[in-house]
Amino acid sequence: MLLTGVGAGGMLQFAIIWGLFLAVMYFMVMRPQKKEQKRLAAMLSSLEVGDVVVTTSGFYGVLIDITDEDVIVEFGSNRNCRIPMKKSAIQEVEKQN
């Protein structure tokens, strides 16, 4: 009889510790990731023609045209280098005043 009481108490402690571990993991991993996704979505929705962008590969360019999924970016001072790319390839935006 005493062994079942000890086993049930140990299981309760195990469940509490496991629950605390999951809560800490949520606040350290999942929550910041969701926050970053919201920030990125807000940044991409505020894109405007003429903004200077930095791509995920590190290239700087100026937005020429924007569609729902894609953008056309002009790279360098050679005005002939215009490349279409996905919006998701944009990492940073510098607004032009």
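Let's start with the rings: the structure holds three aromatic pairs. One of them brings together phenylalanine 59 and phenylalanine 75, whose ring centres are 6.0 Å apart and whose planes meet at 70°, making the pair edge-to-face. What you're looking at is a predicted model, so keep that in mind as we go.

Where do these two partners sit? Phenylalanine 59 is in the loop between strand 1 (52-55) and strand 2 (60-66), while phenylalanine 75 belongs to strand 3 (residues 70-75). They are 16 residues apart, and the pair links distant parts of the chain.

Now try this: is phenylalanine 75 buried or exposed? Its relative accessible area is 11%, and the cut-off for buried is anything under 20%, so phenylalanine 75 counts as buried. Its ring partner tells another story. Phenylalanine 59 has a relative accessibility of 52%, and exposed means over 50%, so phenylalanine 59 counts as exposed.

Let's look at the neighbours. Leaving out residues up to four places away in sequence, phenylalanine 75 touches Thr55, Phe59, Tyr60, Gly61, Cys81, Ile83 and Met85. With the same residues left out, phenylalanine 59 touches Val53, Val54 and Phe75. You'll spot each phenylalanine in the other's list. Another position to find from phenylalanine 75 is leucine 63: these two are twelve residues apart along the chain, with 9.1 Å between their C-alpha atoms.

Next, find the helix. Alanine 15 lies in helix 1, which covers residues 2-45. How accessible is alanine 15? The value is 45%, and partly exposed is the range between 20% and 50%, so that's the label alanine 15 gets. To get a feel for distances between parts of the chain, go from alanine 15 to lysine 87: they are 72 residues apart in sequence, and their C-alpha atoms are separated by 44 Å. You can also go from phenylalanine 59 to glutamine 13, which are 46 residues apart along the chain and have C-alpha atoms separated by 53 Å.

Time to step back and take in the whole chain. In total, the protein chain has one helix and five strands. Follow the sequence from its start and the pattern reads α-β-β-β-β-β.

What about the overall dimensions? Along its principal axes, the C-alpha trace spans about 85 × 25 × 20 Å. The radius of gyration gives you another view: the protein chain has 25 Å, whereas a compact globule of 97 residues would come out near 13 Å.

How much of the chain is buried? Of the 97 residues, 18% are buried, and phenylalanine 75 is one residue with that label. The accessible surface of the protein chain comes to about 7,600 Å², and carbon and sulfur atoms account for 64% of that.

Two last numbers round off the tour. Among contacts with a separation of 6 or more, 37% involve residues 24 or more positions apart. As for charge, the chain has 10 positive and 10 negative charges, and their mean positions are 8 Å apart.

Technical notes:
Residues numbered from 1 in each chain as written. Predicted model: local features only at pLDDT ≥ 70, side-chain atom pairs only at ≥ 80, totals over all residues. Heavy atoms only, no water. Helix = DSSP H or I, 4+ residues; strand = E, 2+ residues; numbered from the N terminus. Rg over C-alpha atoms; globule rule 2.2 N^0.38 Å. Buried < 20%, exposed > 50% of the residue type's maximum accessible area, 1.4 Å probe, protein only. Contact = heavy atoms within 4.5 Å. Areas by Shrake-Rupley, 256 points an atom, 1.4 Å probe, with all protein chains shown as cover. Lys, Arg positive; Asp, Glu negative; His and termini not counted. Charge placed at Lys NZ, Arg CZ, Asp CG, Glu CD. Phe/Tyr/Trp six-rings, centres within 6.5 Å; stacked < 30°, edge-to-face > 60°.
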